[in-house]
Amino acid sequence: MAGHLADAVHQLDLSATGCHYVATGITGDLADAQANQAKSDQMDAGPSLSPAQYDALEALSLGQGKLYESLQRGMGVTRVSNGNGTRVSIATYRALATRGLVMADNSTSLFHGQKITVTDHGQRALAQRRPAATPAASAMTAPKPPVMRGARR
């Protein structure tokens with residue numbers, strides 16, 4: 001009987017150790033999952049928009065933006081036109097399109113103009129506060145020391 005009791009105590013001890021390892025693994029996995037979720041949320045947000053990108057996105061959200069190609073000097077030049085007169089450079093448009101904030105209707109030819117729409121991701125970016133303009137780097141130089149003239153005797 002003493003042998004059976006000793007064996008039962010040993011089995012209970014092994015069970016307690018197993019439960020401890022499982023609980024430690026679960027808490028570690030939960031911590032990793034939370035860290036991965038936070039990293040994923042940060043990556044989804046992406047880098048913040050520049051003031052110019054935010055202004056362009058805001059102008060395009062009015063629904064009058066078109067992407068078109070014009071023949072200028074015999075070469076096709078891709079441009080973005082906006083009904084309200086706000087200028088949107090093609091580089092800014094491409095940056096917004098690359099990030100999935102805007103998209104053009106590809107069912108129309110570029111020569112007729114493709115309507116630009118702001119995606120849901122773009123609408124969420126607009127809902128955030130407008131980024132502040134970064135102060136221009138001032139070209140401050142150290143003051144020059146006064147010129148010392150030779151002492152006269």
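Reader: How does I26 count at 47% relative accessibility: buried, partly exposed or exposed?

Author: Buried means under 20% relative accessible area and exposed means over 50%, with partly exposed in between. I26 counts as partly exposed, because its relative accessibility is 47%. This is a predicted model. I26 lies in helix α1, which spans residues 2–45. I26 also joins V22 and L30 in a nonpolar surface patch of about 280 Å².

Reader: How much surface does the protein chain expose, and what share do carbon and sulfur atoms supply?

Author: The protein chain exposes about 12,000 Å², and 57% of that comes from carbon and sulfur atoms. Of the 153 residues, 18% are buried.

Reader: What is the order of the elements from the N terminus on?

Author: The protein chain has 4 helices and 4 strands. Their order is α-α-β-β-α-β-β-α. As for contacts with a separation of 6 or more, 52% are between residues 24 or more positions apart.

Reader: Which residues of helix α3 are buried, and where do they fall as seen down the axis?

Author: Helix α3 covers residues 90–98, and T92, Y93 and L96 are buried there. Seen down the axis of α3, the buried residues fall within an arc of 100°, so they line one face of the helix. The face turned away from that buried side carries A91 and T98, which are exposed. After α3 comes G100, with a positive phi near 80°.

Reader: Take a residue in a strand. Why does Q114 count as buried or exposed, and what does Q114 touch?

Author: Q114 is in strand β4, residues 114–118. Q114 counts as buried because its relative accessibility is 8%, and the cut-off for buried is under 20%. Leaving aside residues up to four places away in sequence, Q114 touches G65, K66, L67, A104, D105, N106, T108 and S109.

Reader: Where is confidence lowest and where is it highest among these elements?

Author: Where pLDDT is low, the predicted coordinates should not be read in detail. The average pLDDT of the protein chain is 79, and 76% of the residues score at least 70. Confidence is lowest in strand β2, residues 75–81, at a mean of 78. Confidence is highest in strand β3, residues 102–104, at 91.

Reader: Over which residues does pLDDT stay under 50, and how many contacts does the model have for them beyond four places in sequence?

Author: That stretch is residues 136–140. The model has 0 contacts for residues 136–140 beyond four places in sequence.

Notes:
Residues numbered from 1 in each chain as written. Predicted model: local features only at pLDDT ≥ 70, side-chain atom pairs only at ≥ 80, totals over all residues. Heavy atoms only, no water. Helix = DSSP H or I, 4+ residues; strand = E, 2+ residues; numbered from the N terminus. Buried < 20%, exposed > 50% of the residue type's maximum accessible area, 1.4 Å probe, protein only. Contact = heavy atoms within 4.5 Å. Areas by Shrake-Rupley, 256 points an atom, 1.4 Å probe, with all protein chains shown as cover. Patch = residues over 30% accessible without salt bridge, like charges linked within 9 Å, V, L, I, M, F, W, Y side chains within 5 Å. Salt bridge = Lys/Arg side-chain N within 4 Å of Asp/Glu carboxyl O. Arc of directions from axis to C-beta. pLDDT = per-residue confidence, 0-100.
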